[in-house]
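Work through the exercises below with the sequence and the model side by side, and try each task before reading its solution.

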Amino acid sequence: MSLVTKQAPLFEADAVYNKEFTKVKLEDYRGKWVVLFFYPLDFTFVCPTEITALSDAYEEFKKRNCEILGVSTDSKFSHLAWINTPREEGGLGDINYPLVADFTKKISEDYGVLLPAGMALRATFIIDPEGVVQFELIHDLGIGRNVKEILRSLDALQYTREHGEVCPAGWEPGKETMVPDPEKMKEFFKKVPEGHF
């Protein structure tokens, strides 16, 4: 079952941030957008490319009043060891957001992404400032996420909320949007050339 339009399951868990152990409570992020992403395991192959790409783009998320939280079923000790390992040696190096340790696997289970083997699928959730899930993407382990697409989805969610219009296929900031009305929709198709999507 999808979590979209539902309250995001709350959690409090150990995490690593700024190379220190800390606690993360999802409830503390109310009033901000949150990209909550799950990945399978520390010290693997695709995962560090995603984690570091999101960290490198952190300022873009911050501009949009959005925080990032990464989650796996590894321990906080494993997270810290991976962060303390330089990128060129297969580690993460410094990361601009917390990595949450879901060692009990409850968070992954609550979000519907826990595999029988005890690790999480790759999953991305965008949670609005009221704590409601507005976006989810869950997929198998072999393919990495596209940070630009996560940002585009966040932009679209924020645009529709602010303007009451909807975003068509492939929408990016600055492109035409649609008024969700059968007659006004025709105006959109008059402006947009064939093959635009």
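**Exercise 1: an aromatic cluster**

In this predicted model, Phe37, Tyr39, Phe43, Trp82 and Tyr97 together make up one aromatic cluster. Task: classify the ring pair of Phe43 and Trp82, and state for each of the two residues whether it is buried or exposed or in between.

Solution. Begin with the count, which is nine aromatic pairs in the structure. In the pair of Phe43 and Trp82, the ring centres lie 5.7 Å apart and the planes meet at 40°, so the pair is tilted, given that tilted pairs are those that are neither under 30 degrees nor over 60. Next, locate the partners: Phe43 belongs to the loop between S3 and H1, whereas Trp82 belongs to helix H3, 39 residues apart, and the pair thus links distant parts of the chain. Finally, Phe43 has 43% relative accessibility and therefore counts as partly exposed, while Trp82, at 0%, counts as buried.

**Exercise 2: the surroundings of Cys47**

Task: find the element that holds Cys47, decide whether Cys47 is buried or exposed, and list what Cys47 touches beyond four places in sequence.

Solution. Cys47 is found in helix H1, and UniProt lists this residue as "active site" in an unreviewed entry. Its relative accessibility is 1%, and because buried means under 20%, Cys47 counts as buried. Leaving aside residues up to four places away in sequence, Cys47 touches Tyr39, Pro40, Leu41, Trp82 and Arg122.

Notes: Residues numbered from 1 in each chain as written. Predicted model: local features only at pLDDT ≥ 70, side-chain atom pairs only at ≥ 80, totals over all residues. Heavy atoms only, no water. UniProt positions renumbered as here; feature names shortened; annotations may be inferred. Helix = DSSP H or I, 4+ residues; strand = E, 2+ residues; numbered from the N terminus. Buried < 20%, exposed > 50% of the residue type's maximum accessible area, 1.4 Å probe, protein only. Contact = heavy atoms within 4.5 Å. Phe/Tyr/Trp six-rings, centres within 6.5 Å; stacked < 30°, edge-to-face > 60°.
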